[in-house]
2 protein chains.
Amino acid sequence: MKKIINHPSQVVDEMLKGMLYAHSDFLEGIDETRVIIEKDKQPTVGLVSGGGSGHEPAHAGFVGEGMLRAAVLGEMFTSPTPDQILEAIKASDTGHGVLLIVKNYTGDVMNFDMAKEMAEMEDIQVASVLVDDDIAVEDSTYTAGKRGVAGTVLVHKILGHFAHEGMALNDLKSLGDALVTDIHTLGVALSGATVPEVGKPGFHLGESEMEYGVGIHGEPGYRRDTLKPSREIAKELTGKLMSEIMTKKTKKIGLLVNGLGATPLQELYVFYNDVIEELAKYDVEIVFNKIGDFMTSIDMTGLSLTVIRLDDDKRTVALEAPVGVLNW
Amino acid sequence: MKKIINHPSQVVDEMLKGMLYAHSDFLEGIDETRVIIEKDKQPTVGLVSGGGSGHEPAHAGFVGEGMLRAAVLGEMFTSPTPDQILEAIKASDTGHGVLLIVKNYTGDVMNFDMAKEMAEMEDIQVASVLVDDDIAVEDSTYTAGKRGVAGTVLVHKILGHFAHEGMALNDLKSLGDALVTDIHTLGVALSGATVPEVGKPGFHLGESEMEYGVGIHGEPGYRRDTLKPSREIAKELTGKLMSEIMTKKTKKIGLLVNGLGATPLQELYVFYNDVIEELAKYDVEIVFNKIGDFMTSIDMTGLSLTVIRLDDDKRTVALEAPVGVLNW
């Protein structure tokens, strides 16, 4: 394992300290909790997200005006505890309630639910939206149902915009529940991620091998294959994602090409080019795109493609609105 | 070589097509030139930069309001031709002249100079600023003098701001010439970059080996060593950079921690934390920071640290000003 770190057990805390050193103009930490929160809290519903570390810039890179109020960081690839999440909820509430955005992993679901119950006992209104955008497989290593992956960031952005505009908690919850049914993601990996405390990649792929449908913690996908050209990968991913999204007679879509941590930006653009050429087959308009690293898997090479249904222009307005965060 | 591409010879053109598909709301290409340029050109001095591809998001990711007017893309790790650069100059001029920002490599210097002369023969005012921020070595593989690396992006940002504010070409040139003497960078690599058409890494480092001072095309650095903890790397880089910058009795600095392409963001923050703790030894105030991938070397693992002298607050204002580009 070659990493620029000190001790493997200190990566999360030192990363967090680095973030707070760098961005104390608008972010602060809550002692002993690994919560990163906006300093300036508007009197609106606070959005709280988080999960295991290792997906940077998710989620701390999306804390700030117009997106998340707070991010809760677990150990690498491990859910934060209910106590941590509770502190994030308490610190995020301005009397308008808190919306939790949770990726669908058994540990996260359990811990965020428990924190929600604990917060409600302290008379804080809490709702939650569960993101399960990964269409690769059902019931994976850490998941009942589908996994929550890069599409989560689009949920942060859209709901963050409406929260910033003053939308009430119940309305945000309804909007979010509908939204997550219109976001679909598929990823491919060329190599596994190395968790610092493990010291070697979570799975191994041969020199000319790739895997379709891998999860962001290295969970198995749906097929191993020889490494294919970008255009064939684009064809397969686009085909599967479009057949999901076209069940609703979609006319407008947005695209997110997400690097998994060690993929050069040039490859993401080569792939995007192939996706666009593939989409010429479909009668849809692409009204939004985002290309870069948003939901990574430490140092995994590979990428994911997310397709979001944007027939409702309000979603597009929300995606395009300026924000005061680090990594959108 | 495992990459998400089609044919190695097509990477630059397909990446460019992908960028133009994605960002045609504010960027356009000039046919047959690999030039990416702002659609909406203000009546100000146009800043043109570029160089070999493989450093994404540099330089195309910095084209837009308040930074570059145009970026010229060469083949991978290869300077663009004088003809390409000339087209960028011509398309960037609004009658107020064009400022070239050139990284110090023999090929780039020669080709940008030739394009400058050709443009002057067409009565376009052109000036250029040469960036040579890498303090690792003098006279490297492709360079006489020091190399131009990640600090170049700070030059784009500061001069881009003043150009946007309407500063005249001669003043931008003077300001730029002074600025580049106040920017110093050092990098470390844990692995070499693989140029697609070469198919294997440009250099090899053993499983527990690193190299100090490597250039962004894999040019040799100043020492190979066993892989050190982040805090020792921070100590060495900070020490060398601060002894350069403190020759001017500097009181305020800015920091840029730049990933080289395949380095997880979490490591950049761990390293930033160590840099800040190291800087406690010095009587300086850190008034600006930036952490992420700005000037990469395709898929190299490693990072660079740039220190810029910011005793003149106008530089800090310029760095902090909002911009309309993709990757700042």
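## The second largest pocket

In what follows, Ala, Val, Leu, Ile, Met, Phe, Trp, Tyr, Cys and Pro count as nonpolar, Asp, Glu, Lys and Arg as charged, and the others, Gly among them, as polar. With that settled, let us look at this predicted model, starting with its second largest pocket. By class, the lining of this pocket holds 15 nonpolar, 18 polar and eleven charged residues.

The pocket has a volume of about 1,300 Å³. Its lining is made up of 44 residues, and those nearest the centre are A:S191, A:T301, B:S191, B:D299 and B:T301.

## How the two chains are related

A turn of 180° with a shift of 0.0 Å along the axis lays chain B on chain A, with an RMSD of 0.0 Å. That is the relation of a two-fold axis. Which residue of chain B comes closest to the rotation axis? The answer is B:A262, with its C-alpha at 1.9 Å.

The interface tells a matching story: the copies meet through the same surface, because 100% of the interface residues of chain B are also interface residues in chain A.

## A six-stranded sheet in chain A

Chain A has an open sheet of six strands in the order β1-β2-β4-β3-β5-β6, with mixed pairing. Its edges are β1 (27-30) and β6 (126-131), each with a single partner strand, so one side of each is left without a neighbour in the sheet. From one strand to the next, the twist averages 25°.

Further in, strands β3 (residues 46-53) and β5 (residues 98-103) of chain A run parallel and are joined by four bridges. In β5(A), A:L99 is the bridge partner of A:L47. Helix α1 (residues 11-23) of chain A packs on the sheet, touching β1, β2 (35-38), β3 and β4 (70-76) of chain A. The direction of helix α1 makes about 150° with that of β4(A).

Terms used
Residues numbered from 1 in each chain as written. Chains lettered and ligands numbered in written order. Predicted model: local features only at pLDDT ≥ 70, side-chain atom pairs only at ≥ 80, totals over all residues. Heavy atoms only, no water. Least-squares fit on C-alpha atoms with pLDDT ≥ 70 in both. Contact = heavy atoms within 4.5 Å. 1 Å grid on protein atoms, 1.4 Å probe; cavity = no way out; pocket = protein on both sides within 12 Å on 5 of 7 lines; lining within 4 Å. Points joined across faces, edges and corners; volume = space filled by probe spheres on them. Pairing = 2+ DSSP bridges. Helix = DSSP H or I, 4+ residues; strand = E, 2+ residues; numbered from the N terminus. Axes fitted to C-alpha atoms, helices over the stretch in contact; angles between N-to-C directions.
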